[in-house]
Amino acid sequence: MLMTDNQIELEGPAAPRAQQKNRNRKSVFDRANGTSTSTNETMNKPNSKKTSELLRRRDAPLETRTDLTASATKDITATMNAILADVFALYVKTKNFHWHMSGPHFRDYHLLLDEQGDQLFAMTDPIAERVRKIGGITLHSIGEIGRTQRVLDNNAEYVEPLDMLAELADDNRTLAARLREAHNVCDEHLDVATASLIEVWIDETERRAWFLFEATRRVN
């Protein structure tokens with residue numbers, strides 16, 4: 001019958017050394033097992049700081065490390081996601097009017113709205129990525145954009161060309177005002193990077209509103 005190492009009885013001078021080796025091996029195992037048990041008990045304590053941190057990370061796997069406070073991340077994320085939804089909505093509206101432009105100034109207006117649409121779309125990725133950089137979650141779908149946007153859609157079959165431009169001018173002025181509000185939120189939380197981006201977007205938005213206003217000046 002085969003015997004395990006622990007069952008083998010050694011004789012002679014080697015016996016004491018082998019027995020001591022087995023005792024040392026058991027001691028190491030006991031210490032390791034004790035440490036493991038102690039660690040598990042610590043992790044299972046409801047008030048364990050380590051456990052709370054692990055649970056928080058598990059519940060927020062997309063959380064990005066940032067030196068901004070949790071309150072800052074929450075406030076800036078909500079503000080910038082609303083801006084992102086507005087920018088997407090205004091982009092689609094601008095392209096809608098670009099596609100459905102008509103009349104004697106078709107080429108000029110068509111190209112103007114194409115340029116403005118490209119500028120709006122170029123804002124979307126930096127806004128969303130900024131939200132992720134500060135540890136927030138950004139928009140996921142068209143449905144979420146629709147639930148979040150504050151820009152009103154225009155689904156009319158026909159809109160006069162000058163009415164298109166006037167409506168977009170109003171929307172861009174409103175967007176500029178909301179960008180200033182977002183800038184104030186960033187200032188409150190010392191988020192200089194997001195505030196710096198917003199300053200550029202305010203300038204671009206005011207430029208779009210200016211061009212649209214000038215294009216309709218003769219009827220104002």
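Which element supplies the largest share of the lining of the largest cavity? I began the notebook with this item and then worked outward to the rest of the chain.

**Entry 1. Cavity**

I am working from a predicted model. I searched the whole structure for cavities of 30 Å³ or more, and the search returned 1. I noted a volume of about 40 Å³ for the largest cavity. Its lining is made up of Leu112, Glu115, Gln116, Gln119, Arg207, Arg208 and Phe211. I find that H4 provides the largest share of that lining, with 4 residues. H4 and H7 are the elements I listed here, each giving at least two residues to the lining. Sorted by class, the lining has 3 charged, 2 polar and 2 nonpolar residues.

**Entry 2. Overall make-up**

I looked up the secondary structure and found 7 helices and 0 strands. Read from the N terminus, the order of elements is α-α-α-α-α-α-α. The protein has 220 residues, and I have 34% of them down as buried. I took the exposed surface as about 14400 Å², with carbon and sulfur atoms supplying 55% of it. I also checked how far contacts reach along the chain. Of the contacts between residues at least 6 apart in sequence, 77% join residues at least 24 apart.

**Entry 3. Nonpolar core**

I turned next to the largest nonpolar core, which holds 38 residues. The members that touch the most other members are Ile76, Met80, Ile83, Ile127 and Ile198. Four helices each supply at least two residues of this core: H3 (70-99), H4 (106-133), H6 (161-188) and H7 (192-215).

I followed Ile83 first. Beyond its neighbours within four places in sequence, Ile83 is in contact with Ile127, Leu175, Leu179 and Ala182, and also with two arginines, Arg150 and Arg178.

**Entry 4. Ala182 and Ile198**

Ala182 came up among the contacts of Ile83, and I looked it up separately. Ala182 sits in helix H6. Is Ala182 buried or exposed? Its relative accessible area is 0%, so I count Ala182 as buried. Setting aside residues up to four places away in sequence, Ala182 touches Thr79, Met80, Ile83 and Ile198. I also took one distance here. Ala182 and Ala82 lie 100 residues apart in sequence, with 9.5 Å between their C-alpha atoms.

Ile198 belongs to helix H7. Ile198 also has a relative accessible area of 0%, and I therefore entered Ile198 as buried. Which residues does Ile198 touch, not counting those up to four places away in sequence? I listed Met80, Leu179, Ala182, His183 and Cys186. For His183 I added a distance: the C-alpha atoms of Ile198 and His183 are separated by 6.4 Å, and the two residues are 15 apart along the chain.

**Entry 5. Pocket**

I gave the largest pocket a volume of about 210 Å³. Its lining has 13 residues, and those nearest the pocket centre are Ala89, Val92, Lys93, Gln149 and Asp153. H3 and helix H5 (142-148) are the elements that give two or more residues to this lining. H3 gives the most, with 6 residues. By class I counted 6 nonpolar, 5 polar and 2 charged residues in the pocket lining.

**Entry 6. Two loop residues**

I looked at Thr138, in the loop between H4 and H5. Thr138 has 13% relative accessibility and is counted as buried because the cut-off is under 20%. Not counting residues up to four places away in sequence, Thr138 touches Asn81, Leu84, Ala128, Val131, Arg132 and Glu144. Thr138 and Thr77 are 61 residues apart along the chain, and I have 7.4 Å between their C-alpha atoms.

The other loop residue I checked was Leu190, in the loop between H6 and H7. What is the phi of Leu190? The value is about 60°, a positive phi in a residue that is not a glycine. Leu190 has a relative accessible area of 70%, so I entered Leu190 as exposed.

Conventions:
Residues are numbered from 1 along each chain as its sequence is written. This is a predicted model: local features need pLDDT of at least 70, side-chain atom pairs count only at pLDDT 80 or more; totals for chains, interfaces and linings use all residues. Side-chain values use heavy atoms; hydrogens and water are left out. A nonpolar core is a set of buried Ala, Val, Leu, Ile, Met, Phe, Trp, Tyr and Cys residues joined through side-chain atoms within 4.5 Å. Buried means under 20% relative accessible area, exposed over 50%, partly exposed in between (1.4 Å probe, protein chains only). Contact means heavy atoms within 4.5 Å. On a 1 Å grid over the protein atoms alone, a cavity is a set of points where a 1.4 Å probe fits but cannot get out, and a pocket is an open set with protein on both sides within 12 Å along at least five of seven lines; lining residues have an atom within 4 Å of a point. Grid points are joined across faces, edges and corners, and a volume is the space filled by probe spheres set on the points. Ala, Val, Leu, Ile, Met, Phe, Trp, Tyr, Cys and Pro count as nonpolar, Asp, Glu, Lys and Arg as charged, and the others, Gly among them, as polar. Accessible areas come from the Shrake-Rupley method with a 1.4 Å probe; for residues, only the protein chains shown count as cover.
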